[in-house]
Amino acid sequence: NVTTIVDRLFSPRQIFFHHLSNTLFIAEFGKDRIVRWDLTKNREGKSISDCRGCSGVAVSSNSEIYIVEQQRHRVLRCPFDADRVENCVNVTGVTD
């Protein structure tokens, strides 16, 4: 039941559907993370944590995840299996 994730979301800002993996990505601003929802298994998958003010998410045709980190004023590129922003590369914007 997809409504189970809605009960746990806090201030979602954007969603992106990745058709190759049948996965819904949710930029969750309020909990500083990107949530993955596996629609094949109808359950939450691994999330990308420590994203400060996640306000956007997209997945490229080669399955790289792009995240907008609003509070750090940057865009990150992450491998598809990333679980923390430390595993991502700064594409543009402020660096730490």
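With which side chain does the side chain of R74 make a polar contact? In this predicted model, the partner is the side chain of E69, and the distance given for the contact is 2.5 Å. R74 itself has its place in strand 8, and its relative accessibility of 9% falls under 20%, so R74 counts as buried.

From strand 8 the reader can move on to the aromatic rings, where the count comes to 1 aromatic pair. That pair is formed by F25 and F80, whose ring centres are 5.8 Å apart and whose planes meet at 75°, an arrangement that is edge-to-face. The pair links distant parts of the chain, since F25 belongs to strand 2, which covers residues 23-28, while F80 sits in the loop between strand 8 (74-78) and strand 9 (89-93), and the two residues are 55 residues apart. The partners can also be described by their accessibility: F25 is buried, with a relative accessible area of 0%, whereas F80 is partly exposed, with a relative accessible area of 27%, a value that lies between the 20% below which a residue is called buried and the 50% above which a residue is called exposed.

The ring of F80 has a further neighbour to look for, because R36 lies over the face of F80, at 5.8 Å from the ring centre, and so meets the 6 Å limit for a charge over a ring. F80 therefore takes part both in the edge-to-face pair with F25 and in this placement of R36 over its face. Another arginine is placed in this way over a phenylalanine ring: R13 lies over the face of F29, at 3.9 Å from the ring centre.

How values were computed
Residues are numbered from 1 along each chain as its sequence is written. This is a predicted model: local features need pLDDT of at least 70, side-chain atom pairs count only at pLDDT 80 or more; totals for chains, interfaces and linings use all residues. Side-chain values use heavy atoms; hydrogens and water are left out. Rings of Phe, Tyr and Trp (its six-membered ring) pair if their centres lie within 6.5 Å; planes under 30 degrees apart count as stacked, over 60 as edge-to-face and the rest as tilted. Helices (H or I, at least four residues) and strands (E, at least two) are DSSP runs, numbered from the N terminus. Buried means under 20% relative accessible area, exposed over 50%, partly exposed in between (1.4 Å probe, protein chains only). A charge sits over a ring if NZ of Lys or CZ of Arg is within 6 Å of the ring centre and within 35 degrees of the ring normal. A polar contact is a pair of N or O atoms within 3.5 Å; within protein, one must be able to donate a hydrogen and the other to accept it, and residues adjacent in sequence count only if both atoms are side-chain atoms.
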